[in-house]
Every structure is written in C-alpha cells, then in structure tokens.
Amino acid sequence: MSASAQETDYEQIYRDLEPANFSYVHNIDPGEMYDTQYSAWSPYPLFRLTTQLVFKNTVIEPGYYLLTPREHKGNWYILFKEQGKVKYIIPVYNREIVPLGFYDENLPKIKLTPTQKFHLKFHDFVGKHIKSSQRKPAPNTFLEVTDLENNFISLVIYWGNHRYYMILRTIQL
C-alpha cells in the first residue's frame with residue numbers, strides 16, 4: 001500500500017460524503033446520448049460485481065454495471081447503470097487528471113494481423129479525405145479496486161482524461 005493510501009482517512013471521507021438527493025426521470029441518463037452518438041458500443045467501463053457493496057443506505061447488488069461519471073450541481077457522481085437505466089447514484093470524493101502516459105503503460109496493446117493493419121490504414125486514409133466519415137475514438141477506460149481496512153473498498157474509475165475516486169463498504173453499518 002502506498003504512503004498516500006495509508007495517510008488517507010477513508011472512514012472520515014465516507015462519513016462526510018452525502019448520498020445523492022436527486023434522480024433521473026424514468027432512470028434515463030440524459031447525457032448518454034451525447035457520449036454514445038459517435039460510438040459503435042458503449043464507451044463506459046463495465047464493472048462486474050460479485051458481492052454486494054454498500055454506500056450509507058444504498059446497497060449495490062451483484063451484477064454487471066456500466067459506470068458513468070456525471071456532474072450534478074457542482075458535485076461529481078458515478079451512475080451505476082444496468083440495461084441502460086440508472087440503478088444507483090454514488091458520490092465521488094475526488095476527481096483528478098489522469099497522469100500522462102497512464103493508458104499507454106496500463107492498457108494492453110492489440111496485436112493486429114496484416115489484414116487488420118491494411119483495413120485500419122484504409123479507414124484512416126478515407127477519414128482524412130472525407131470528413132463526414134470520421135469517428136471520434138472512444139475514451140480510454142480503466143478500473144482500480146482496492147480492498148482497504150475496516151471493510152472499506154476504494155474504487156477508482158479512469159474515464160477519458162479524468163479519474164474518479166469512490167469509497168464503499170462491504171458491510172452495512
């Protein structure tokens with residue numbers, strides 16, 4: 001465990017965080033359309049949860065969730081979405097810029113066959129000369145989950161240029 005993780009008082013952070021006091025109409029994330037309009041698939045990280053996690057009175061049940069960062073009235077939250085609907089809204093206690101080169105160091109490199117390389121070069125060529133055919137690349141994503149003392153879990157979501165820190169518990173108080 002790093003020195004900064006030992007110095008962080010997760011219990012105090014957990015106590016200070018306020019649960020979300022808002023919801024979305026029909027549990028639909030209004031920003032999802034803008035995030036996905038240029039993508040062929042969801043740009044959000046998929047989180048597989050095999051045991052329940054708890055934030056205050058919210059119990060997050062096991063399942064598959066798309067984790068989506070959203071700002072609401074100056075505060076950041078992570079939306080746990082299941083089958084396109086917002087199921088849980090958990091506050092973020094810290095938001096930072098992702099360190100330069102992080103994704104290059106931590107994401108696996110794809111090995112391409114010669115046919116795939118030709119295919120990508122062809123698409124790049126077309127994209128340079130026909131602007132309407134260009135697609136924005138999906139943002140890079142990464143997840144870090146750390147088991148901490150006193151039944152706390154640290155969940156760090158890397159999405160695009162930012163990383164979002166959450167603190168959860170494995171048992172309810």
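Let's start at the hairpin of β5 and β6. Two residues sit between its strands, and there Q83 takes a positive phi near 55 degrees. Keep in mind that this is a predicted model. Why pick out a positive phi? Because most residues other than glycine have a negative phi.

The two strands of this hairpin run antiparallel. β5 and β6 pair over six bridges. One position to find on your screen is I78, which stands opposite I90 in β6. Now look at how covered β6 is. The strand takes in residues 85-91, and five of its seven residues are buried.

Q83 has company. Go to K73. K73 is not a glycine, and its phi is positive too, at about 50 degrees. Where is it? K73 is in the loop between β4 and β5. Buried or exposed? K73 counts as exposed, because its relative accessibility is 77%.

Next, K56. Its phi is near 55 degrees, again positive in a residue other than glycine. K56 sits in the loop that runs from β2 (53-55) to β3 (58-60). Its relative accessible area is 22%, so K56 is partly exposed. The cut-off for buried is under 20%.

Let me step back for a moment. The protein has five helices and 10 strands. It has 173 residues, and buried ones make up 34% of them. The C-alpha trace spans about 60 × 40 × 30 Å along its principal axes. The accessible surface comes to about 11,600 Å², and carbon and sulfur atoms account for 53% of that. What about contacts along the chain? Take those between residues at least 6 apart in sequence. Of these, 53% join residues at least 24 apart.

Back inside, to T68. T68 lies in strand β4. Its relative accessible area is 0%, so T68 is buried. What does T68 touch, beyond its neighbours within four places in sequence? The list is D29, Y44, Y77, I78, L79 and K81. You have met I78 already, opposite I90. With K81 there is also a polar contact, side chain to side chain, at 3.3 Å.

Hold on to D29 and K81 from that list. Both make salt bridges. How many salt bridges does the structure hold? Seven. I'll show three.

The first joins the side chains of D29 and R70, at 2.9 Å from N to O. D29 is in the loop between α2 (10-16) and α3 (32-36), while R70 is in strand β4, so the bridge ties together parts 41 residues apart in sequence. Check how covered the partners are. D29 counts as buried because its relative accessibility is 3%. R70 has 14%, so R70 counts as buried as well.

The second joins K81 and E32. Their closest N and O atoms are 3.2 Å apart. K81 is in strand β5 and E32 in helix α3, so to speak two distant parts of the chain, 49 residues apart. Both K81 and E32 are buried.

The third joins E96 and R163, with the closest N and O atoms 2.9 Å apart. E96 lies in strand β7 and R163 in strand β10, so this bridge ties parts that are 67 residues apart in sequence. E96 is partly exposed, because its relative accessibility is 27%. R163 is buried, because its relative accessible area is 15%.

Some of these bridges share partners. Through them D29, E32, D35, R70 and K81 become one network.

Stay with β7 and look at I97, which is in that strand. I97 and N161 are 64 residues apart in sequence, but their C-alpha atoms are 5.8 Å apart in space. What else does I97 touch? Leaving out residues up to four places away in sequence, I97 contacts N161, H162 and R163. That is the R163 that bridges to E96. Even with these contacts, I97 counts as exposed, because its relative accessibility is 56%.

Last stop, the surface. Which residues form a nonpolar patch there? I110, L112 and L120, with about 290 Å² of accessible area together. L112 is in the loop between α4 (102-106) and α5 (114-129). Its relative accessibility is 33%, so L112 counts as partly exposed.

That's my tour. Questions, please.

Notes:
Residues are numbered from 1 along each chain as its sequence is written. This is a predicted model: local features need pLDDT of at least 70, side-chain atom pairs count only at pLDDT 80 or more; totals for chains, interfaces and linings use all residues. Side-chain values use heavy atoms; hydrogens and water are left out. Patches are made of residues with over 30% relative accessible area and no salt bridge: like charges are joined within 9 Å, nonpolar side chains (Val, Leu, Ile, Met, Phe, Trp, Tyr) within 5 Å. Accessible areas come from the Shrake-Rupley method with a 1.4 Å probe; for residues, only the protein chains shown count as cover. A salt bridge is a side-chain nitrogen of Lys or Arg within 4 Å of a carboxyl oxygen of Asp or Glu. Helices (H or I, at least four residues) and strands (E, at least two) are DSSP runs, numbered from the N terminus. Buried means under 20% relative accessible area, exposed over 50%, partly exposed in between (1.4 Å probe, protein chains only). A polar contact is a pair of N or O atoms within 3.5 Å; within protein, one must be able to donate a hydrogen and the other to accept it, and residues adjacent in sequence count only if both atoms are side-chain atoms. Contact means heavy atoms within 4.5 Å. Two strands pair if DSSP finds at least two bridges between them.
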